[in-house]
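Biologist: I would like to learn how to read a model of this kind, one feature at a time. Could we look at it together?

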Protein chains: 2
Amino acid sequence: MAVTMRDVAARAGVSIATVSFVVNESKPVKEPTRLRIEQAMAELGFQRNMVARALASRQTRIIALAYPALDHRLGWSIVDFVTSAAQAAADAGYHLVLWPVSNDATELAELVGQGLVDGVLLMHVQLDDARVEVLRPMDIPFALIGRTRDVEGLAYVDIDFDASLRVAVDHLTTLGHREIVLVTGTQETQNFREYGPYVRLEAAFGQVTGGPVLRCRQDPGSGRELATRLAVEAPTATAVIVADEAISAGLVAGLHTRGTRIPTDMSVLCILTSRDMAAMCDPPLTIVTAPGVELGRLGVEALLCRVQGATPPPPVLRAGELLPGESTGPAPA
Amino acid sequence: MAVTMRDVAARAGVSIATVSFVVNESKPVKEPTRLRIEQAMAELGFQRNMVARALASRQTRIIALAYPALDHRLGWSIVDFVTSAAQAAADAGYHLVLWPVSNDATELAELVGQGLVDGVLLMHVQLDDARVEVLRPMDIPFALIGRTRDVEGLAYVDIDFDASLRVAVDHLTTLGHREIVLVTGTQETQNFREYGPYVRLEAAFGQVTGGPVLRCRQDPGSGRELATRLAVEAPTATAVIVADEAISAGLVAGLHTRGTRIPTDMSVLCILTSRDMAAMCDPPLTIVTAPGVELGRLGVEALLCRVQGATPPPPVLRAGELLPGESTGPAPA
DNA sequence: CTGAAAGCGCTTACAG
DNA sequence: CTGAAAGCGCTTACAG
């Protein structure tokens with residue numbers, strides 16, 4: 001039913017090999033021959049069968065995005081990230097398939113063993129990530145969005161947490177704040193520990209300020225309750241840096257409810273989030289952006305370099321940038 | 001390098017056909033033979049090559065989720081939806097690939113022509129959707145999340161907008177509100193017109209209340225400005241139903257800034273959004289939920305019925321349910 | 001119940 | 001520059 005290379009070859013009076021050469025531009029073909037073939041293809045509406053091509057060439061041109069569907073709450077900025085990764089793949093002639101895999105990683109091995117994908121992109125990487133150890137010996141190219149403790153030999157793109165955090169702290173200290181709290185998310189499940197972003201932000205925060213860290217479940221309801229905890233556990237703090245989108249909006253709402261004025265009584269800065277998120281709060285939040293769109297594209301590009309055997313690009317770290325809103329102001333006297 | 005059926009067959013002393021029969025359980029195989037084969041598979045760590053299987057069986061077991069990446073802003077509830085669709089596909093032994101396609105639909109025809117997918121799931125359906133017309137004659141199964149004006153012969157799952165809106169309006173009228181405004185999003189691009197959800201909500205709203213409709217760009221910043229428009233264009237309204245997540249949070253923040261008290265001066269209800277979204281606002285919003293998780297699963301199931309040639313399930317409409325928050329209250333006297 | 005063989009629609013050495 | 005042919009790793013009538 002579908003038009004095959006055989007049909008095109010017959011119509012153009014050539015062999016299917018020659019058709020393949022022009023379709024793939026894989027070998028020079030004489031002008032007149034090429035024109036005949038191209039015309040035949042156009043007339044018949046030929047489209048090459050990707051599955052057959054995949055089998056013969058040992059390349060599916062599909063890459064997988066593995067994300068731990070169950071073990072970690074997906075933030076909203078994930079939308080930008082995934083969209084941009086899918087688009088970057090499409091631009092390079094690849095397809096992106098979504099693999100919701102549990103973090104125990106055996107599932108990942110099975111999936112890879114099916115031979116359906118040319119490479120795997122891992123997101124939500126933990127410091128010691130079982131998935132990396134599974135993939136390493138499997139001779140399938142992979143790249144990380146995020147990074148493990150030991151990144152020797154790995155292809156990855158990640159946020160520059162040190163720089164991002166410094167941007168946030170600098171902004172606040174310039175405003176006169178001396179007692180700053182950092183809020184990160186909790187590790188929620190057995191299979192999910194030592195999430196890179198939290199560990200690295202906390203480490204950077206410890207170095208720069210030595211201030212206290214509060215951990216909070218990653219949902220707006222818990223963020224709301226955090227307003228109370230903050231008053232109890234860090235009564236003298238004048239500013240808070242929140243490292244999770246879901247928490248921050250809830251926190252702002254919770255502070256409101258308690259009658260804490262932002263930024264008069266308390267400055268709030270949300271780190272690694274989006275402009276839209278900022279505008280949703282009242283007052284509009286000061287944020288340090290999450291480079292999600294950029295990381296999606298860079299991650300796919302890094303992976304495709306490996307897939308295509310090109311020299312892998314050096315690992316990339318991207319810092320977020322400060323977008324001043326109205327949720328931060330001078331420290332109270 | 002990889003273990004093939006040929007290897008397994010050799011080791012078990014059978015033909016590859018027989019191996020295939022046990023792998024697929026497609027024909028009865030005598031107990032002892034089956035055991036030998038299963039042992040051989042285990043010893044060799046055999047996994048069948050999905051690409052070869054796809055070529056031979058004419059089924060890739062991949063389904064595509066086509067979403068208009070550029071023409072429409074993705075809401076946050078999309079995360080639940082996509083995750084649930086991917087999971088439902090995985091549960092049924094299928095993979096979900098993301099296709100960011102422009103709305104002009106020729107791209108879609110090309111992608112389908114590649115023979116990579118067994119079926120297509122369309123989201124963000126417009127009343128007259130070019131993609132549906134492209135797909136109809138292409139003898140590839142497809143299903144819609146949402147629905148066109150004419151649904152004759154189509155497989156779809158959608159929100160029950162009439163019922164969902166009625167739930168919202170009932171809640172407000174019970175509280176004594178008589179002047180209610182509906183806020184929907186704008187159609188932003190040439191390629192994107194008459195978005196089903198807005199058209200249907202507006203129609204239902206017209207029938208039930210006859211009240212005014214305001215349209216707003218779908219981002220929190222515009223939602224914020226909407227607070228002012230509301231005062232000008234519907235000065236006597238005491239309640240507003242907002243049909244977009246991005247707008248609603250901005251609106252609440254904007255009302256705050258203007259000094260409008262919620263719900264004392266104005267009740268705000270967000271329709272078709274999530275519990276998390278509700279908790280992010282202050283006060284926590286009263287909402288009618290978006291059945292995103294459920295629709296993701298149902299959409300995949302409807303599509304797979306068609307793919308597998310089963311009798312297609314009857315179209316499903318799901319209403320959201322009311323989750324009372326603190327953003328709605330008695331109408332001011 | 002099991003096997004030999006054709007075939008899915010391509011790609012890719014190898015000849016010429 | 002072009003073609004005949006093997007082969008990618010399976011599935012599936014068709015025999016037996």
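**Reading the model step by step**

Modeller: The residues of the surface near DNA strand D divide into 14 nonpolar, nine polar and four charged. Please keep in mind throughout that this is a predicted model.

Biologist: Which residues come nearest to DNA strand D?

Modeller: Of the 27 residues around that strand, the nearest are Pro28(A), Thr33(A), Met5(B), Ser20(B) and Ala56(B). As for the elements involved, H2 and H4 of chain A and H2 and H4 of chain B each supply at least two residues of the surface near DNA strand D.

Biologist: And which residues are the closest to DNA strand C?

Modeller: DNA strand C is surrounded by 27 residues, and the closest are Met5(A), Ser20(A), Ala56(A), Pro28(B) and Thr33(B). At least two residues of this surface come from each of helix H2 (16–24) and helix H4 (50–57) of chain A, and likewise from each of helix H2 (16–24) and helix H4 (50–57) of chain B. Sorted by class, the surface near DNA strand C has 14 nonpolar, nine polar and four charged residues.

Biologist: Now to the two chains: how many residues does each chain bring to the contact?

Modeller: Chain A brings 43 residues and chain B brings 43 residues. Among the elements that give two or more residues to the side of chain A that touches chain B are H4, helix H5 (78–91), strand S2 (95–100) and helix H6 (106–113) of chain A. By class, this side of chain A has 25 nonpolar, 13 polar and five charged residues.

Biologist: In which sense do S2(A) and S2(B) run?

Modeller: In general, strands of a sheet pair through backbone hydrogen bonds, either parallel or antiparallel. Here S2(A) and strand S2 (residues 95–100) of chain B run antiparallel and are joined by three bridges, and Leu96(A) has Leu98(B) as its bridge partner.

Biologist: What is the order of the strands in the open sheet of chain B?

Modeller: The six strands follow the order S7-S6-S8-S9-S10-S12, with mixed pairing. Strand S7 (213–216) and strand S12 (322–323) of chain B stand at the edges with a single partner strand each, so one side of each is left without a neighbour in the sheet. Strand S6 (residues 180–185) of chain B pairs with S7(B) in the parallel sense over four bridges, and Val183(B) has Leu214(B) as its bridge partner.

Biologist: Which strands does helix H10 of chain B touch?

Modeller: Helix H10 (residues 220–233) of chain B packs on the sheet and touches S6, S7 and strand S8 (239–242) of chain B, while its direction makes about 150° with that of S7(B).

Terms used
Residues numbered from 1 in each chain as written. Chains lettered and ligands numbered in written order. Predicted model: local features only at pLDDT ≥ 70, side-chain atom pairs only at ≥ 80, totals over all residues. Near = placed C-beta within 6 Å. Nonpolar A, V, L, I, M, F, W, Y, C, P; charged D, E, K, R; others polar. Pairing = 2+ DSSP bridges. Contact = placed C-beta atoms within 7 Å. Axes fitted to C-alpha atoms, helices over the stretch in contact; angles between N-to-C directions.
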